[in-house]
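Reader: I have a protein model on my screen and would like to learn how the words used for it are justified. Could we go through it together?

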Amino acid sequence: MNPPRPRPKLDAFNTPFWTGGAEGKLNIVHCADCGQYTHPPLPLCRHCQSENVAPEAVAGTGAIDTYTINHQAWVPGLEVPYVIARVRLDGVPGVYLTTNIVGSPIEDVAFDDPVRVVFEEQSGIFYPLFEKVA
Ligand SMILES: [Zn+2]
């Protein structure tokens, strides 16, 4: 059992991202004016500064853009080694999530592996982690 993950401070803009997993949804802020995405969540579009933005459920699939393997137990009880990855999301250009790859041995993780989101719930926060697509 791993220690608790760092808990995000919820606000009106990031709550859909951190709790969308309750419905199996990965919500990313989408701009209705220019069509681009903004992450981390903000009340305005990072591309055109429009306030016409809202969370939108995206596919939740992607690929491993880059990754590293952590061997250091930074806090007591942290199970190592584990994979820290940057995932680029399908259909969400320009958005990358820093996350963990779970569900497969670390030696099986490689660049460009296709992955899909899985949510780890801790006290009402649904952390988006990713697993390899078989
Ligand atoms: Zn925009």
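Reader: Which residues does proline 81 touch, not counting residues up to four places away in sequence?

Author: They are Ile69, Asn70, His71 and Ile106. A contact here means heavy atoms within 4.5 Å. Proline 81 itself has its place in the loop between E4 and E5. Its C-alpha atom is separated by 9.7 Å from that of proline 105, 24 residues along the chain.

Reader: What kind of model is this, and how are its residues numbered?

Author: This is a predicted model, in which local features need pLDDT of at least 70 and side-chain atom pairs count only at pLDDT 80 or more, while totals for chains, interfaces and linings use all residues. Residues are numbered from 1 along each chain as its sequence is written, and side-chain values use heavy atoms, with hydrogens and water left out.

Reader: Why is proline 81 called partly exposed?

Author: Buried means under 20% relative accessible area and exposed means over 50%, with partly exposed in between (1.4 Å probe, protein chains only). Proline 81 has 38% relative accessibility, so it counts as partly exposed. Across the protein, 34% of the 134 residues count as buried.

Reader: What are the helices and strands here, and how many are there?

Author: The protein has one helix and eight strands. Both are DSSP runs numbered from the N terminus: helices are H or I with at least four residues, strands are E with at least two. Along the sequence the pattern reads α-β-β-β-β-β-β-β-β.

Reader: Why is the protein called as compact as a globular protein of its length?

Author: Its radius of gyration is 15 Å, close to the 14 Å that the globule rule gives for 134 residues, so the description fits. The radius is taken over C-alpha atoms, and the rule is 2.2 Å times the number of residues to the power 0.38. The C-alpha trace spans about 45 × 30 × 25 Å along its principal axes.

Reader: What makes the pair arginine 86 and aspartate 65 a salt bridge?

Author: The term asks for a side-chain nitrogen of Lys or Arg within 4 Å of a carboxyl oxygen of Asp or Glu. For arginine 86 and aspartate 65, the N to O distance is 2.4 Å, so the pair qualifies. Arginine 86 lies in strand E5 (residues 82-89) and aspartate 65 in strand E4 (residues 61-70), so the bridge ties together parts that are 21 residues apart in sequence.

Reader: How do you know that aspartate 65 also forms a salt bridge with arginine 88?

Author: Their closest N and O atoms are 2.8 Å apart, so this pair meets the rule too. Arginine 88 lies in strand E5 and aspartate 65 in strand E4, so parts 23 residues apart in sequence are tied together. With a relative accessible area of 29%, arginine 88 is partly exposed.

Reader: What about lysine 132 and aspartate 113: which is buried and which is partly exposed?

Author: Their side chains meet in a salt bridge at 3.1 Å, N to O. Lysine 132 lies in strand E8 (residues 125-132) and aspartate 113 in the loop between strand E6 (96-102) and strand E7 (114-122), so the pair ties together parts that are 19 residues apart in sequence. Lysine 132, at 26% relative accessibility, counts as partly exposed, whereas aspartate 113, at 13%, counts as buried.

Reader: Which residues are joined into one network by salt bridges that share partners?

Author: Those are Asp65, Arg86, Arg88 and Asp112. In total, the count comes to six salt bridges.
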